[in-house]
Amino acid sequence: MSPSKVSTIVFDKFYNIVDGQLRDTKDTPHHGVNPVTGQELWDVPVASKQDLEDAVAAANKAFVSWSQTSIEERKELLGKWVAVYAQHRDDFINLLIKETGKPRKFATVEVDGVTQFAGFHTTLTIPEERIEDDEKVITTRYTPLGVVGAICPWNFPLILSMGKIAPALLTGNTIIVKPSPFTPYTSLKMVETMQEVFPPGVVQVVGGNNDLGAWLSLHPNVHKISFTGSIATGKKVMEAAAKTLKRVTLELGGNDASIILPDVDIKKTAPEIVMGAFQNSGQVCVATKRIYIHEAIYTDFVAEMAAFAKSIKLGGGDDQPDDILLGPIQNKMQYDKVKTFFQDSKAKGYKFAAGSPDATDSALPQKGFFITPTIIDNPPNDSRIIAEEPFGPIVPTQPWSDEEEVIARANNTNTGLGACVWGADVDRAERIARRLQAGSVFVNSWEKPTPQAIFGGHKESGIGGEWGQTGLLSYCNPHVIHSYKLKL
Ligand code: NAD
């Protein structure tokens, strides 16, 4: 089908995509829940073991010819798909709002981010290295791995799927996407639109629960798992993948520190720090999760943060004012988990600089999984709110005075995904940034990952990384030809 035609894809019926075909399951449908209203959304299929077998067989079959296409052809198809996707921009925004509860403004950013992500990948090249001496020429190329299984979380269902699809396809791999059972809709639909452009079996999607992720990780004919999700599940994926020594990229949880130097502009910086912590209602792997403020400005800075946090409007749904900044927690399981951090902080008697010890208040929308943005003022180092990732809109602040000590405190965690340093003295901020044990450190900005650079975690935040030119190599095997010169 020509991508210039207006597509007939509908946004209220959802299918698995196996070998270019729409596939339904009648016996075991599943549905998501709109977190703004609590209402059930449409039925989606749950893939059976046979569906997965068929998808893996189709992906291996498609790999034979797809891996032989040139990178220019793959880029061209990715570009054509961007045109198809653009025709459905509003449909994807509306669907993402329903499945995640994101405010329209941020659902739009995610939907448009997919276009930018795909577009950026069409500017990349796969490196080739050549070494020549008197007796030989050595050429190192990077060849595709085979079939990639992409296991995705629920917090950014579209962009995190695209973050795997774009590099996998560009490098000549085929890919099977498994979305989170909490947010299957946009991923199923995005891969459906891809069938208008890509040959059957090149990009497929199977909806299903955690068992399906485990089957994919174990499957002997899947050659890599790119997993984004929790540390606990990441460890299970690695264990399963070890059985066939398949490659893994693990993008896992974090507990990012933000260090605030004494020379910042308090009024400008405090709201930024709040947004770094509470963007997407705190459901971001690289959200700021611990805030270290220099003691000289601590009281004023926390007061400014609290004033901004209290001014944030929460809401969501189809009809929402433009000034909504935060939506609900995406699902009931996570909602209940976040509330345990409130219960713990309340029980221990910690000081609430903003927010509510009960996690909610009367100003919140009455339905849905909403939580009041909350700041805990100076809890102890061994508190749960400092030591663990809440993945919700609750964040601790602590004062610091000694640079070495605060660097040690920031690094005192088993995770190492992101970090931030804020200060007018940029040299000092960058000097501190270089000492922080995290994959991506931001100076004078909150965490804003971009397809331009590799993204990955240190320590238990992950293994490897993807995105950017360097990230492409995680989808490749090095392949070296040593060609000896014939002696005449
Ligand atoms: P999760 O680990 O519960 O689930 C992630 C995916 O794994 C889902 O698709 C799930 O169905 C699947 N899964 C569950 N059990 C499995 C198993 N045994 N084998 C294979 N797959 C299995 O994570 P979540 O709750 O969806 O996401 C939130 C977590 O993800 C947070 O910890 C967050 O920090 C992390 N995260 C990390 C990044 C990153 O890039 N580093 C990005 C977003 C989220």
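**Exercise 1. Decide whether V421 is buried or exposed, and place V421 in its strand.**

Step 1. V421 has a relative accessible area of 0%, so V421 is buried (buried means under 20%, exposed over 50%, partly exposed in between; 1.4 Å probe, protein chains only).
Step 2. V421 lies in strand β18, residues 418-422 (strands are DSSP runs of E, at least two residues, numbered from the N terminus).
Step 3. Leave out residues up to four places away in sequence: V421 then touches I259, L261, A429, I432, A433, L436, F442, V443 and N444 (contact: heavy atoms within 4.5 Å).

The model is predicted: local features need pLDDT of at least 70, side-chain atom pairs pLDDT 80 or more, while totals for chains, interfaces and linings use all residues. Numbering starts from 1 along each chain as its sequence is written, and side-chain values use heavy atoms, without hydrogens and water.

**Exercise 2. Locate the annotated residue E251 and list its contacts.**

Step 1. The unreviewed UniProt entry annotates E251 as "active site"; such annotations may be inferred rather than shown by experiment, feature names are shortened, and positions follow the numbering used here.
Step 2. E251 sits in strand β11, residues 247-251.
Step 3. With a relative accessible area of 5%, E251 is buried.
Step 4. Beyond neighbours within four places in sequence, E251 contacts F227, T228, G229, F455, G456, G457, S461, G465 and E466.

**Exercise 3. Give the strand order of the open three-stranded sheet and explain which strands stand at the edges.**

Step 1. The order is β5-β6-β22, with antiparallel pairing (pairing needs at least two DSSP bridges between two strands).
Step 2. β5 (129-132) and β22 (476-484) each have a single partner strand, so one side of each lacks a neighbour in the sheet.
Step 3. Nine bridges join β6 (residues 136-144) to β22.
Step 4. K136 stands opposite Y484 in β22.

Note on methods
Helix = DSSP H or I, 4+ residues; strand = E, 2+ residues; numbered from the N terminus.
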